[in-house]
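Please look over the model shown here. The report below takes up its helix packing, overall make-up, long-range contacts and surface.

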Amino acid sequence: MDKVLWVVIITAIAGIGGTGTGGIIGVILKRDSTKVVSLLLAFAGGIMLAVVNFDLIPESFNPEGATSEMPLVLVIFGVALGYCAIYILNLIIDNKVNPELAHIDENHPATADGLDELIHADHLKKHTDEGNKYEIFIAGIVMACAIGLHNIPEGMVIGASYAGAGNELFGNAGFLVAIVIGLHNIPEGMSVSVPLITGGMKSSKAVFVTALSGASTVIGAVLGLLIGLISPIWLSLSLSFAGGAMLYVVFGELLPEAFLMWRSKAPGAMTLIGTLTGLILIHI
């Protein structure tokens with residue numbers, strides 16, 4: 001089967017499957033799942049650190065087809081560009097989703113130290129009780145669109161990783177990145193489905209819309225793959241961009257959420273386990 005088609009299939013599972021799974025969890029939300037989600041995020045963050053530090057960035061210095069090592073400034077530029085791209089998109093999401101949560105009081109905590117707060121369930125319940133279902137529904141639609149935009153560069157990470165992986169489809173950095181992004185998309189899917197359902201949408205439709213918000217990951221993957229195949233320089237830039245984007249996902253999203261949701265040493269230990277697991281998988 002053609003490599004591009006395989007990348008599309010794998011990315012669709014990670015993007016649509018990840019957010020869709022989050023949407024289903026949002027429908028049957030269990031309040032006691034905070035610690036499980038915390039460990040899941042920490043483990044995913046550890047694997048991603050291993051992929052970035054031991055595969056993506058080293059490979060960006062010596063991409064396939066290059067006759068000499070790529071300059072340090074190019075790699076640094078790519079990493080910074082990837083980091084800033086995800087950071088800016090997250091700012092857009094926050095600005096679009098948080099207006100109804102702008103007031104901070106005893107009912108609206110300033111930090112997401114629980115699963116309910118992470119996916120806005122506690123805030124949404126309060127506003128539902130106040131009769132603002134339409135506003136909550138609109139917030140869910142906005143969140144779905146924002147997540148869709150956010151998933152494009154994440155898809156590019158998968159595509160760029162596969163561009164540097166030769167003809168291997170499984171067991172490489174691209175496959176590991178797809179798995180981690182799929183795990184990362186679960187809480188994002190929950191953050192979309194919860195306001196849609198709370199706003200009055202049927203559960204089945206809410207799950208469908210949530211899964212659809214992950215479809216843009218496929219577009220990003222194809223774009224990242226094609227850019228990476230242009231030339232060794234573009235492949236180097238794509239790989240370093242992917243590394244920077246994932247560093248923001250790890251340090252700006254996965255690990256902060258994991259530690260805020262379970263304030264103990266367990267998420268740190270799980271991050272280490274994830275890193276070692278990623279290292280082993282990379283070198284198998």
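## Packing of α1 and α8

In this predicted model, helix α1 (residues 3-27) meets helix α8 (residues 203-212), and their axes come within 7 Å. The two axes cross at roughly 150 degrees. Angles over 145 degrees count as roughly antiparallel, so α1 is roughly antiparallel to α8.

Which hand does the crossing of α1 and α8 have? The crossing is right-handed.

## Overall make-up

The protein has 11 helices. Strands number zero. Read along the sequence, the pattern is therefore α-α-α-α-α-α-α-α-α-α-α.

The protein has 284 residues. Of these, 51% count as buried.

## Pairs distant in sequence

Two pairs link positions well separated along the chain. One pair is A44 and G278, which are 234 residues apart in sequence. In space, their C-alpha atoms are 9.3 Å apart. A44 is found in helix α2. Is A44 buried or exposed? Its relative accessibility is 1%. Buried means under 20%, so A44 counts as buried.

The other pair is A66 and P232, 166 residues apart along the chain. A distance of 5.3 Å separates their C-alpha atoms. A66 lies in a loop, between α2 (34-61) and α3. The relative accessible area of A66 is 26%. That value falls between the cut-offs of 20% and 50%, so A66 is partly exposed.

## A nonpolar patch on the surface

Which residues make the nonpolar surface patch? They are Y83, Y87, I88, L91, I92 and L149. The patch covers about 510 Å².

Helix α3 (residues 72-97) gives the largest share of the patch, with five residues. L91, one of the patch residues, has its place in helix α3. The relative accessibility of L91 is 36%. Patch residues need over 30%, and L91 is past that cut-off. Exposed would require over 50%, so L91 counts as partly exposed.

## Summary

Helix α2 holds A44, which is buried. The loop from α2 to α3 holds A66, which is partly exposed. Helix α3 supplies the largest share of the nonpolar patch. Helices α1 and α8 are roughly antiparallel, with a right-handed crossing.

Terms used:
Residues numbered from 1 in each chain as written. Predicted model: local features only at pLDDT ≥ 70, side-chain atom pairs only at ≥ 80, totals over all residues. Heavy atoms only, no water. Patch = residues over 30% accessible without salt bridge, like charges linked within 9 Å, V, L, I, M, F, W, Y side chains within 5 Å. Areas by Shrake-Rupley, 256 points an atom, 1.4 Å probe, with all protein chains shown as cover. Salt bridge = Lys/Arg side-chain N within 4 Å of Asp/Glu carboxyl O. Helix = DSSP H or I, 4+ residues; strand = E, 2+ residues; numbered from the N terminus. Buried < 20%, exposed > 50% of the residue type's maximum accessible area, 1.4 Å probe, protein only. Axes fitted to C-alpha atoms, helices over the stretch in contact; angles between N-to-C directions. Parallel < 35°, antiparallel > 145°, perpendicular 65-115°, else oblique. Left-handed = near helix turned anticlockwise from the far one by under 90°.
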